[in-house]
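Here are some notes to read alongside the structure. They take a few places one at a time, so keep the viewer open as you go.

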Amino acid sequence: MIEIPSDLHKDVIPLAFLLGTWEGAGVYDFPGAEKCNFGQEIVIRHDGRAFLEFRSRSWVLDNEGEKVRPLENEHSFWRITSNPHGTKGARGIEISSVRDDGTVEIWYGELADGKPQIEVSTDAVARIEGSAPYSGGKRLYGFVAEELLWVGEKAAPEVPLRPYMSAQLKRVLSPAQLIKDINDLPDDGIAFFR
């Protein structure tokens with residue numbers, strides 16, 4: 001179920017399905033880097049203005065699923081740039097992003113018509129001298145069966161665009177939501193177990 005906060009800016013209501021804290025795991029595989037499984041936490045929130053704030057932390061996992069070391073951190077801002085209030089037709093998406101390796105990206109794409117799916121591609125990439133070679137990417141995000149699924153594609157000067165990272169994430173309930181759910185239990189608490 002998708003809840004729309006009362007203070008969410010009207011221009012980003014179509015992105016409400018993204019809000020929350022998401023956790024899960026995925027696979028990282030790109031030439032020249034170590035192939036690995038990774039854990040990820042994504043926090044997507046709003047402050048009432050016409051954008052969503054996206055923060056992602058990921059880390060390499062060992063064979064037992066334990067954290068080994070950080071993999072990648074990203075901080076971005078998501079906006080709807082065209083058709084924000086339309087009931088039909090795709091909506092334009094714009095993302096400005098910075099990653100911990102010194103890469104800055106501008107992404108453009110669309111929120112699909114009638115389904116919670118977003119596809120974006122890089123329009124501009126800038127990077128500091130020490131960051132890994134990178135020339136562009138594509139991403140697809142989808143809200144499927146109450147999970148956030150995503151796949152990223154990446155290109156470098158010597159590597160054509162190819163999938164390199166994907167994850168399956170579940171929404172984490174906030175303590176406030178848990179308290180609300182507890183308050184909905186019958187007064188004696190016993191009826192829940194009958």
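**Notes on cavities, a pocket and four residues**

1. The second largest cavity has a volume of about 30 Å³. Please keep in mind throughout that this is a predicted model. Three strands, β6 (103–111), β8 and β9 (147–156), each give two or more residues to the lining of this second largest cavity. The largest share comes from β9, with 3 residues.

2. To find that second largest cavity on screen, select R99, E105, W107, Y134, K138, R139, G152, E153, K154 and Y164, which line it. Sorted by class, this lining holds 6 charged residues, 3 nonpolar ones and 1 polar one.

3. How many cavities of 30 Å³ or more does a search of the whole structure find? The search gives 2. The largest cavity has a volume of about 70 Å³.

4. The lining of the largest cavity is made by Q40, I42, F54, S56, S58, E72, E74, R139, Y141, W150 and M165. Its classes are 5 nonpolar, 3 polar and 3 charged residues. R139 is worth a second look: it belongs to the lining of the largest cavity and also to that of the second largest cavity.

5. Which strand supplies the largest share of the lining of the largest cavity? That is β3, with 3 residues. At least two residues each come from β2 (36–45), β3 (52–61), β4 (67–82) and β8 (136–144).

6. E74 is a good residue to visit next, as one of those lining the largest cavity. E74 sits in strand β4. Is E74 buried or exposed? With a relative accessible area of 8%, E74 is buried, because anything under 20% counts as buried.

7. The side chain of E74 also has a polar partner: it makes a polar contact of 3.1 Å with the side chain of S97. Beyond its neighbours within four places in sequence, E74 is in contact with F54, R55, S56, S97, V98, R99 and R139. Among these, F54, S56 and R139 also appear in the lining of the largest cavity.

8. E53 lies in strand β3. Its relative accessibility is 13%, so E53 counts as buried. A polar contact of 3.0 Å links the side chain of E53 to that of R55. Leaving out residues up to four places away in sequence, E53 touches V43, I44, R45, H75, S76 and F77.

9. There is a pocket to look at as well. The second largest pocket has a volume of about 340 Å³. Its lining is made of 19 residues, and Y28, A33, E72, A132 and K154 are the ones that lie nearest its centre. Two of these names have come up before: E72 lines the largest cavity, and K154 lines the second largest cavity.

10. Which strand gives the most to the lining of the second largest pocket? The answer is β4, with 4 residues. By class, the lining of this pocket counts 11 nonpolar, 7 charged and 1 polar residues.

11. D101 takes us out of the strands, into the loop between β5 (91–99) and β6. D101 has a relative accessible area of 29% and is therefore partly exposed. The side chain of D101 makes a polar contact of 2.8 Å with the side chain of T103.

12. D101 has partners elsewhere in the sequence too. Not counting residues up to four places away, D101 touches I128 and S131. D101 and A132 are 31 residues apart along the chain, and their C-alpha atoms are separated by 7.8 Å. A132 is one of the residues that lie nearest the centre of the second largest pocket.

13. The last stop is V172, in strand β10 (residues 159–172). V172 counts as partly exposed because its relative accessibility is 33%. Which residues does V172 touch, not counting those up to four places away in sequence? They are T21, W22 and E23. V172 and G24 are 148 residues apart in sequence, with 9.8 Å between them in space, C-alpha to C-alpha.

Notes: Residues numbered from 1 in each chain as written. Predicted model: local features only at pLDDT ≥ 70, side-chain atom pairs only at ≥ 80, totals over all residues. Heavy atoms only, no water. Buried < 20%, exposed > 50% of the residue type's maximum accessible area, 1.4 Å probe, protein only. Contact = heavy atoms within 4.5 Å. 1 Å grid on protein atoms, 1.4 Å probe; cavity = no way out; pocket = protein on both sides within 12 Å on 5 of 7 lines; lining within 4 Å. Points joined across faces, edges and corners; volume = space filled by probe spheres on them. Nonpolar A, V, L, I, M, F, W, Y, C, P; charged D, E, K, R; others polar. Polar contact = N/O pair within 3.5 Å; in protein donor to acceptor, adjacent residues only side chain to side chain.
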